[in-house]
Structures are given as structure tokens and as C-alpha cells.
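Reader: I am new to reading protein models, and I would like a close look at one part of this one. Please take me through it slowly.

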Amino acid sequence: LAQAANFNVLFLLFLPVIFYSAIAFTWNVFSHRTMSQRLFQSPVFIKGVLVVVLLFAVLRNIPVAPFSWLAPH
């Protein structure tokens with residue numbers, strides 16, 4: 001996990017969301033009752049993810065001490 005964080009800390013932050021999506025998808029494929037995925041259909045969630053990804057992309061390229069920690073090393 002430490003090495004993964006060195007490459008891309010944003011991926012580690014989104015792992016719970018990715019796991020939830022995979023579990024919900026698998027549940028919906030193999031079960032007769034569907035698991036709702038309202039989180040991914042929420043405009044607030046989509047806009048929030050977009051803002052976080054864009055901020056991360058910009059901030060990791062600033063060569064100043066706290067922001068350079070976001071860059072892969």
C-alpha cells in the first residue's frame with residue numbers, strides 16, 4: 001500500500017468507492033433483488049469526483065513541498 005500511495009494516492013482514496021461499485025455490480029448480476037447504486041447517479045457525487053480529480057491533477061504538478069508529495073516518486 002505504501003508503494004501504491006507513492007505512485008497515486010488518489011487511487012487509494014477511491015478504492016472504497018471502487019469496491020462498493022464492484023460488489024453492487026456483482027450482486028445485481030447474480031441476484032434477483034437489485035442493489036441500488038444511487039451514489040453514482042447523484043449529480044453532487046459526480047461533480048465532487050470531477051472537482052477532486054481536477055484539483056489532484058493540478059496540485060500534483062506544482063513543484064512546492066506539500067504539493068510535490070502528491071507526485072509519483
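How are H2 and H4 oriented relative to each other?

Author: It helps to begin with the setting, keeping in mind that this is a predicted model. The protein has 5 helices and 0 strands, so that it is more spread out than a compact globule cannot be read from that count alone, but from its radius of gyration of 16 Å, well over the 11 Å that the globule rule gives for 73 residues. Along the principal axes, the C-alpha atoms fill a box of roughly 50 × 30 × 10 Å, and buried residues make up 11% of the 73 residues.

Now to the part you asked about. Two packed helices are described by the angle between their axes and by the distance between those axes. For helix H2, which covers residues 9-30, and helix H4, which covers residues 43-59, the angle is about 165 degrees and the axes lie 11 Å apart. Angles over 145 degrees count as roughly antiparallel, and H2 and H4 are therefore roughly antiparallel to each other. Their crossing, moreover, is left-handed. On the side of H2, the contact is made by Val 9, Leu 10, Phe 14 and Val 17, while H4 contributes Phe 45, Val 49, Val 52, Val 53 and Phe 56.

Returning to the whole chain, 35% of the contacts with a separation of 6 or more are between residues 24 or more positions apart. As for the outside, the accessible surface comes to about 5800 Å², of which 76% belongs to carbon and sulfur atoms.

Notes: Residues are numbered from 1 along each chain as its sequence is written. This is a predicted model: local features need pLDDT of at least 70, side-chain atom pairs count only at pLDDT 80 or more; totals for chains, interfaces and linings use all residues. Side-chain values use heavy atoms; hydrogens and water are left out. Helices (H or I, at least four residues) and strands (E, at least two) are DSSP runs, numbered from the N terminus. The radius of gyration is taken over C-alpha atoms; the globule rule is 2.2 Å times the number of residues to the power 0.38. Buried means under 20% relative accessible area, exposed over 50%, partly exposed in between (1.4 Å probe, protein chains only). Contact means heavy atoms within 4.5 Å. Accessible areas come from the Shrake-Rupley method with a 1.4 Å probe; for residues, only the protein chains shown count as cover. Axes are lines fitted to C-alpha atoms, for helices over the stretch in contact, and angles run from 0 to 180 degrees between N-to-C directions. Angles under 35 degrees count as roughly parallel, over 145 as roughly antiparallel, 65 to 115 as roughly perpendicular and the rest as oblique. A crossing is left-handed if the near helix is turned anticlockwise from the far one by less than a right angle, and right-handed if clockwise.
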